[in-house]
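Here's a quick walk through a protein chain. Have a look at the fold before reading on.

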Amino acid sequence: MSSLPVRGSTGCQESPLLGIDEHKRKRMLSNRESARRSRMRKQQRFDDLISQAAELKNQNSQIEMQINLLTQRYGEVESENAVLRAQLTELTERLQSLNSVLRFLEEFSGMAMDIPEIPDQLLKPWQLPRPAQPISATADMLQF
């Protein structure tokens, strides 16, 4: 049998049982309220994560656009550099040819001519002087 007293007809025995029932009822209400608050916190965390995921997707697409633009710009600059290298080669060859003609004229005419030397940087453009310090880049440079 149960250890709780059974309700009887006397008022003495009903008071403790009513207190226990009231305590159970209050405890149940408290538990329900606690569970409701817990569900609300969980829903809020979920909503925050959904919002954060949307923001990260937005940032990701912006970064992807920047990468695409920079890749396109890199291709343009690379193409421009190829044209400039070709022009440099052509102009260097022309200068060498003109210097040869000047040396020939100087040798056969006997006139002293000031024939400039072609700098090594023009003959070997891949050895152009570069800054001693590395060029640093920051994320702010990528802002459009």
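A residue is called buried at under 20% relative accessible area, exposed at over 50% and partly exposed in between, using a 1.4 Å probe and protein chains only. By that yardstick, Phe108 is exposed because its relative accessibility is 58%.

Keep in mind that this is a predicted model, where local features need pLDDT of at least 70, side-chain atom pairs count only at pLDDT 80 or more, and totals for chains, interfaces and linings use all residues. Numbering runs from 1 along each chain as its sequence is written, and side-chain values use heavy atoms, with hydrogens and water left out.

The overall numbers first:

| Item | Value |
|---|---|
| Helices and strands in the protein chain | 2 helices, 0 strands |
| Buried share of the 144 residues | 4% |
| Accessible surface of the protein chain | about 13,100 Å² |

Helices here are DSSP runs (H or I, at least four residues), and strands are E runs of at least two, numbered from the N terminus. Accessible areas come from the Shrake-Rupley method with a 1.4 Å probe; for residues, only the protein chains shown count as cover.

Now for Phe104, which sits in helix α1 (residues 11–109). Phe108 lies in helix α1 too, 4 residues from Phe104, about one turn of the helix. How many aromatic pairs does a search of the whole structure find? Just 1 turns up. Phe104 and Phe108 form that tilted pair, 4.4 Å centre to centre with 55° between the planes. (Rings of Phe, Tyr and Trp, the last by its six-membered ring, pair if their centres lie within 6.5 Å; planes under 30 degrees apart are stacked, over 60 edge-to-face, the rest tilted.)

Asn99 is also in helix α1, and it counts as buried because its relative accessibility is 3%.
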